[in-house]
Structure formats: C-alpha cells, structure tokens
Amino acid sequence: MESSQPPPSISQSRPPKHKRVKLFVPDNDNEISIQQPLPPQPPSLTPEYDFYCRCGSREHGDLQEESEVAIQCNNCERWSHVACQRDGRASNLAKKEPFYCDTPDCAPYSDRVFLAQIRRPECTNSFTMYRPGKGALARHGKYWYPVRIKSCRQLGGKITLYTVKWWRHCSFKLDTQPPLEVGEGDLVDALYGDHKRRRMIRLGRWTHAHEVPQHEDVIANFRHIPYSVNIDEALAPHSQLLTNILEQPDPAKMRNTVPVLGYLADLSEKTGRKQTTVPYCGDLSLTDCAQIANWVYHHIPGASKQIVNWLNCATYAHACTIVIAKRKKNRLQEMAENILAEPNAILQAAWLDLQLSCDMSAMDVDVDLECLGILEQRMFELSLAAGAAGNEQWGKDAGTHQDRWNPYEGLPEHWNHGDRDPYAPEFEGELDVRGFHIHSGRLH
C-alpha cells in the first residue's frame, strides 16, 4: 500500500506528483485510512502557494473542508480541487498517469467528455460510480435529487459516507434540509441502461441544467455567495478606511493610501466629467469578486442600502486591491522595492497589478452546472445504447415525481439519438406494439 509523505513547507521544492495516496480522515477519536486513487494535498496553507481551480478558487484557503483534496497539474504545476474536474476524471487516474488542467495551454490533447459516446459502465464497483467529481442522485425523504460528489470516507467495516453538494436549484420542502453526507444506500448514479432500478426511483423537482443561464451574473447575485475566511482576514483590518471611502472620499488626502481615488481623480480631470466606475479586477476570479462584494455588503455601514454607489466603484476597487496585496504580498514586495519608492508601495503595486494582470475569470466554470448537465444526459438520453431505460422509465413503479413534475418536458432534442425503434417492446415478454400504433412520451 502506498501512502502520502508529510506535506513539505513552501520553501522546499515541490512534492513529487504522486497520484495514489492514503487519505486520512478523522472520525471522532479514530483515524480511518482509505486507499483511494487520489492525488496529494498541497503544502500547508499560504497565500503565495499557486492554487488555481476552474471553479474560481484562487487560494487553497478555499480547501475549508478536511475532506477536500487537491491535484497538481503536471504542466503548469498549479493546484486545483479534485472534485471540480470534469466527470470525476482527476479521481480516476492510473498510478503513473499525468494530470493536465483545463487551461488551454496545459492540455496536450483534447480530453473532452463526449457525451454521445457514453455507455453503461461495465464495472459496478461503488468507487468507480461514486468518485469525487461525479454526478449522482441522492435520496432526501422519499425523492431523489442531483448532487456532485466531493469526497468519501469510511467508518470502519463496509460503511462509506459521501460528502456531496446538492444542486442549488433543487425544490426541497421548506421545513427540510438535506444532509452534507449520505450513505451508499442513499446514492445512485444515472443507472444508464438499468430500467428496473430507474422504475423504482421517484425524482425530486429541480431546475434542469439547460434551463439555467450558461453564464449567470455572479456579481449581481453576490449576496448568495458567502465570503471566505481569507477574504475576511484581508479586509477586516481596513473596514474603517473602506467606510470612509464610501462616505467621504477625499482624493487629495487619500491618494497615497487609496490608489484608486487618485486614478479616478486623474481620469475625471482628463475627461472633464466625474468618473466613478472602475473597470479592473485583475486576475481575481468571479467567485473572488462576488465574495469581496458580499463582505462589503455585510460589514460596511450603509453599504446594503446603496449598492450602486460602491459596487464596481472606489470602495469595491480598493477592497479588491487589499485582497491582491495580501494574496501576493511576497511578489509585490519585490516589485515595490525595485520599481516604486513612494509610501504604501505594496498597495500601489497591488493597484498596478489589478490593472495589468490578465483577467482569467473568463475561464471559470460553473462546475455544479457542468456536472448536472453530464448526469442529466445520462439519465434522459433516448438511444439504442440506453435501451429501454431511456424511454421515460424513472419512477414508473414507484409513483409520481415531486409535485407531479414531468422531468422529460423540454429536454434538448439532441438527447434523442433517433436510432432506437420506437415500437419495440420495452421488456422481455411484452407484446410488440408496433401493430397497434401506440405512441407515448418522446416517441411521438
């Protein structure tokens, strides 16, 4: 059995890129080990460690759960969440198989998930089906809802618990809260080709992936994206200054301590009209930006009632500058010493970085939406490969779905491959209906 080495300090060379480790997860007073094909976790938390996940996380302070696991790209050497990689691909690597992240300059070949080629898995091993990053259905009450699997742990014997993230647009009953962990008995995959088990499952109501806007305005919905501990630690010491910027901005007195005010004053003088909007966010992700806005909204007096006066304006821009200054402190210190000789040089360097750094947020992916889309196509595909299970079999023997929801209504047309005989008997021993001209569901 293989095991991970103790994480090195940030000053040491990068660890070897092992792809199989023994993951230790504390369970009360016991320490349980699980042999899983998972990559090593990054070194001890530090703002300077290069963490860049496709979900929008830019620092591994976002690894707030002990069960979270990260993986390092063999090319760019950045770390990212295992559970955020497409269709669980990072948790299913062979022992010496390299991992390449999804940035365009890292993937040496196209490894996109071709949903049209999906077939029922030959292996029914639970780890194969329920590995981190995969989509699944989890039971909550009498209905089943979509989740993204984040990690798993073993409680001794054969009892396994899976940490899951429930799809954000599930219609749970108002007085119920779904658990963060579910047992293997309350979890199923898409049951591709398995019409008997599909018929026994009643689906809870949720919003389909194709019904959600592909690029939701994350910033506009910042109130629903809680800020992280790292954001709070960066901004809390500057709450009074941020309040002053919102209430009584004075470019003449605050130019050195608040670089953005000097920028706006110079721009206003150049254009001949007052400028308040700041178009820069550097390489902060959309998630970062939303978390910063959420912090300002909750901690700066009056911010909740005058969002238009600070969002994408001086208060918000300076908050972004502060986060950059803390996150890239060592790097900016070197820049400040070599280039800038003015007071508050690190803040000035952070403001310069905010203006010049490439905006990488365009590459951020809604990993939950992506995961649901893959799961739903497997669930509702109508094709020769899917067989009888693809012909609207969910819940046939169990009863109606939640609120009499019809999960097949409005599904994408390309999920019907058109290669299956619509009149073929669904099950062995059933009457061939082609002579009776019976049509139903999507087989019209």
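These legends describe close-up views of a predicted model. Local features need pLDDT of at least 70 and side-chain atom pairs pLDDT 80 or more, while totals for chains, interfaces and linings use all residues. Residues are numbered from 1 along each chain as its sequence is written, and side-chain values use heavy atoms, without hydrogens and water.

**View 1. An open antiparallel sheet of 5 strands.** The strand order is 8-7-6-5-9. Strand 8 (181-183) and strand 9 (187-188) are the edges, each pairing on one side only. Strands are DSSP runs of E, at least two residues, and helices runs of H or I, at least four, numbered from the N terminus. Two strands pair if DSSP finds at least two bridges between them. Strand 5 (135-140) and strand 6 (143-154) share 6 bridges. His 140 sits opposite Tyr 143 of strand 6.

**View 2. A salt bridge between helix 11 and strand 6.** Asp 368 meets Arg 148 at 2.7 Å, N to O. A salt bridge places a side-chain nitrogen of Lys or Arg within 4 Å of a carboxyl oxygen of Asp or Glu. Asp 368 lies in helix 11 and Arg 148 in strand 6, so the pair ties together parts 220 residues apart in sequence. Asp 368 is buried at 11% relative accessible area; Arg 148 is buried at 6%. Buried means under 20%, exposed over 50%, partly exposed in between (1.4 Å probe, protein chains only).

**View 3. A salt bridge between strand 8 and strand 6.** The closest N and O atoms of Glu 181 and Arg 153 are 2.6 Å apart. Glu 181 is partly exposed at 28%. Arg 153 is buried at 17%.
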